[in-house]
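Visitor: Could you take me on a close look at the place where the two chains meet?

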Amino acid sequence: MSMHGPIATHRSATGVPTGRLGTWWLLASEIFIFGGLIACFILFKLNGTPGFEDASLTSVTAGAVNTFVLLTSSLSIVLAHAAIEKGDQNKSFTYIWYTIGAGLVFLGIKTYEYTGKILHGHTITENLFWSFYYTMTGLHALHVIGGMVIMALISFDIRKGYNYQRVELIGIYWHFVDLIWIFLFPLLYIANF
Amino acid sequence: MSEAYAHPNYVKIWFWLVVLLLISVAGPMLEIPALTIITAFGIAVIKAFLVAANFMHLKFEKQIISFLLILALCLLGVFFFGVAPDIMMTDGDQWIDCIADKSCVEQRL
């Protein structure tokens, strides 16, 4: 197994390799970023704030397809991790690029959704619901883009035989992005009452 | 690199995640709000658990990681209840409803 790269990625003072511990710390901080937004969204909704009935205007089909795409991308990145643990660089590389492809499909559907909503006048300033909608989904989309870029860089590294452990780390991050969407989907698309 | 452990059957877990997704989409079709909350958010929690435990390997991870995440969620709970009065209590001498009265936003800029 290739163990090139900074010593911090292999050291394991806590029993958890430092690279993985760092990834979990990052995700713990992300809980506050998305959790804070979700908490405020729920509070405004419980308070009966005007505008939240606009949740009925979002497309459940588009949201459900995007959930399916992200769940499937989670499968492909975890298979990439399983493949690299067996030292199969090519299979892992392929699975990583399936995941990046799924990310592109997700962003394509999101762009289609945004375009439709904006053309109908539902912009970020229309009311509080749309402010939350664009902020939460936009921030999530930025995380998707960031994950795809990092995955692409890692895929070329592992082909050269470097930093295999990073497939697991980006996988954990990607699953978290999927996990956030699992909560955004019912909040923004399903709970329209 | 990760420690040795038997990888779960990822395809099987993905299959159950998709089944749960279908249930959460079908739930609102019955038009019972209480049931929608259960099928939407209850299933979201189950899906999140499946992803975290199996795909993120949390069930194989050292306990320190679970403690870290539980601590983050507890602090998020503190944030939730700390912010709740600011959003939900709409009375008092200093209260201005900025959602209904947009001029107050301009005053504060």
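Guide: Here is a walk through the contact between chain B and chain A. This is a predicted model, where local features need pLDDT of at least 70 and side-chain atom pairs count only at pLDDT 80 or more, while totals for chains, interfaces and linings use all residues. Residues are numbered from 1 along each chain as its sequence is written, chains are lettered from A in the order in which they are written, and side-chain values use heavy atoms, with hydrogens and water left out.

Let's begin with the extent of the contact (heavy atoms within 4.5 Å). Chain B brings 47 residues to it and chain A brings 56. Together they bury about 4,500 Å², 83% of it on carbon and sulfur atoms; buried area is the accessible area (1.4 Å probe) that two parts lose on being put together, summed over both.

Now for the charged pairing. The rule finds one salt bridge across this interface, taking a side-chain nitrogen of Lys or Arg within 4 Å of a carboxyl oxygen of Asp or Glu. B:Glu61 and A:Arg20 form a salt bridge through their side chains, at 2.7 Å from N to O. On chain B, the side that touches chain A draws at least two residues from each of α1 (10-26), α2 (33-55) and α3 (63-88), helices here being DSSP runs of H or I, at least four residues, numbered from the N terminus. Of these, α3(B) gives the largest share, 14 residues. By residue type, that side of chain B holds 37 nonpolar, six polar and four charged residues, where Ala, Val, Leu, Ile, Met, Phe, Trp, Tyr, Cys and Pro count as nonpolar, Asp, Glu, Lys and Arg as charged, and the others, Gly among them, as polar.
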